[in-house]
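Here are some exercises to work through with the model open beside you. Try each task before you read its solution.

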Amino acid sequence: MDVSKRQVGDVTILDLKGKITIGTGDVQLRNAVQDVMNSGANKVLINMGGVSTIDSSGIGELVSAYTTATNRGAKLKLYGLPDKVSDILTITQLITVFDVYDNEGDAVRSFA
Amino acid sequence: MPEEHRFHLAIGSRFENIELVQVVLKDCLQREGMDKDALEWVDLAVREALANAIKHGNEQNPTKQVHVDLRVEAEELVIRIEDEGVGFDPTRLGDPLAPENLLRPNGRGIFYMKSFMDQIEYGAGLGGGTMVTLRKRIRGPKAESPQTDSSQD
């Protein structure tokens with residue numbers, strides 16, 4: 001999986017691309033979220049649009065990222081979920097936990 | 001109708017080997033005429049079974065193998081995945097949808113498998129490890145995607 005970081009105003013965006021699966025993508029996601037949290041970011045947006053596959057370890061990392069952010073008083077939100085990822089979050093009922101947006105504009109504005 | 005054997009693989013207990021199985025699995029399921037959507041759900045279920053076998057069954061010991069056997073029995077896909085660990089009791093796992101477990105980072109693998117396949121069974125493998133059997137109808141009326149309506153049981 002590839003992770004890149006960019007800034008839109010005071011919102012830090014992580015663009016994910018590829019597989020978030022055990023042993024590779026899950027560790028990269030954990031490290032990326034840890035890095036932005038350690039940098040003091042408190043508005044974090046994860047762009048899921050490029051995610052091709054996510055297994056239960058990847059979902060677990062998203063949950064950990066959410067709880068880490070919340071425990072630090074930060075906000076972590078998702079946008080651009082591919083259909084399969086959206087189905088998985090629905091099946092696991094995590095769609096009720098995360099703030100999810102269709103597009104980047106709406107997601108960024110939601111932090112205001 | 002006699003069962004048709006498609007493939008048997010034995011992989012070392014490394015997560016990167018999951019991708020090797022996926023390549024063979026995808027090729028096999030495409031030959032069976034499985035559509036892309038159904039194939040992706042089976043792919044995910046098999047990933048979970050392999051990850052469990054490598055992580056919990058064989059404890060990532062690269063000298064221990066995970067055995068993957070795929071057959072088509074009548075119109076049903078049957079995938080058996082066996083580790084060389086000490087066995088496993090799936091009844092000890094909590095419900096990942098229970099409110100107290102919803103924010104746990106782990107414990108969803110078997111739930112994934114149950115959601116994406118028609119049936120899963122756990123049992124003892126021939127070598128004393130754990131064997132999980134995943135079944136999915138690949139032709140006929142039940143060959144469909146998992147329910148995403150959370151109101152379903």
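The exercises below concern a predicted model, and each is followed by a worked solution.

**Exercise 1. The make-up of chain B**

Task: Find how many helices and strands chain B has, and the order in which its elements run from the N terminus.

Solution: Start with the count, which comes to 3 helices and 5 strands for chain B. Next, walk along chain B from the N terminus and write down each element in turn: the result is β-α-α-β-β-α-β-β. Now turn to the contacts in chain B between residues at least 6 apart in sequence: 66% of them join residues at least 24 apart. Finally, look at burial: chain B has 153 residues, and 34% of these count as buried.

**Exercise 2. The sheet of chain B**

Task: Work out the strand order of the 5-stranded open sheet in chain B, and say which strands lie at its edges.

Solution: Begin with β2(B), residues 65–73, and β3(B), residues 76–82; these strands are antiparallel and joined by 7 bridges. Two residue pairs help you to set the register. Asp69(B) has Arg80(B) as its bridge partner, and Val68(B) stands opposite Ile81(B). These pairs use neighbouring positions, and there is a general point to keep in mind here: side chains in a regular strand alternate between the two faces of the sheet.

Move on to the turn. The hairpin of β2(B) and β3(B) has 2 residues between the strands, and Ala74(B) takes a positive phi near 55° there.

Then go to the next partner of β3(B). This is β5(B), residues 130–137, which pairs with β3(B) in the antiparallel sense over 7 bridges. Here Ile79(B) stands opposite Leu134(B).

Put the strands together, and the order in chain B reads β1-β2-β3-β5-β4, with antiparallel pairing. The edges are β1(B), residues 4–12, and β4(B), residues 119–124, each of which pairs on one side only. On average, neighbouring strands of this sheet are turned by 15° against each other, direction ignored.

**Exercise 3. The helices α1 and α2 of chain B**

Task: Describe what α2(B) packs on, and then how α1(B) and α2(B) meet.

Solution: First place α2(B) on the sheet, where this helix touches β2, β3 and β5 of chain B. The direction of α2(B) makes about 180° with that of β5(B).

Second, bring in α1(B), residues 17–31. The two helices pack at an angle of about 150°, and their axes are 10 Å apart. The crossing of α1(B) past α2(B) is right-handed.

Third, list who makes the contact. From α1(B) come residues including Ile18(B), Val21(B), Leu25(B) and Leu29(B), while α2(B) contributes Leu39(B), Val42(B), Val46(B) and Leu50(B), among others. Sorted by class, this contact has 9 nonpolar, 1 polar and 3 charged residues.

**Exercise 4. Crossovers in chain A**

Task: Trace chain A from β3(A) to β5(A) and give the handedness of each β-α-β crossing.

Solution: Take β3(A), residues 43–54, and β4(A), residues 75–79, which pair in the parallel sense over 5 bridges. Asn47(A) and Tyr79(A) are bridge partners in this pairing. With the helix α2(A), residues 56–71, these two strands make a right-handed β-α-β unit.

Continue to β5(A), residues 100–101: β4(A) pairs with this strand in the parallel sense over 2 bridges. Leu78(A) stands opposite Val100(A). The chain gets from β4(A) to β5(A) through α3(A), residues 83–91, and this crossover is also right-handed.

Now inspect α3(A) itself. Its buried residues are Val85(A), Asp87(A), Ile88(A), Leu89(A) and Ile91(A). They pack against β3 and α2 of chain A, together with α3 of chain B. After α3(A) comes Gln93(A), with a positive phi near 65°.

**Exercise 5. Where the chains meet**

Task: Which helices of chain B each supply at least two residues to the side that touches chain A, and which element gives the most?

Solution: Count the residues first: the contact takes 20 from chain B and 18 from chain A. Next, look for the helices on the chain B side. Both α2(B), residues 36–57, and α3(B), residues 109–116, supply at least two residues each. Of the elements, α2(B) gives the most, with 5 residues. Last, sort the chain B side by class, which yields 10 nonpolar, 5 polar and 5 charged residues.

Note on methods:
Residues numbered from 1 in each chain as written. Chains lettered and ligands numbered in written order. Predicted model: local features only at pLDDT ≥ 70, side-chain atom pairs only at ≥ 80, totals over all residues. Contact = placed C-beta atoms within 7 Å. Helix = DSSP H or I, 4+ residues; strand = E, 2+ residues; numbered from the N terminus. Nonpolar A, V, L, I, M, F, W, Y, C, P; charged D, E, K, R; others polar. Pairing = 2+ DSSP bridges. Axes fitted to C-alpha atoms, helices over the stretch in contact; angles between N-to-C directions. Buried ≥ 20, exposed ≤ 12 C-beta atoms within 10 Å, placed from the backbone. Left-handed = near helix turned anticlockwise from the far one by under 90°. Right-handed = clockwise from strand over helix to strand, strands pointing away.
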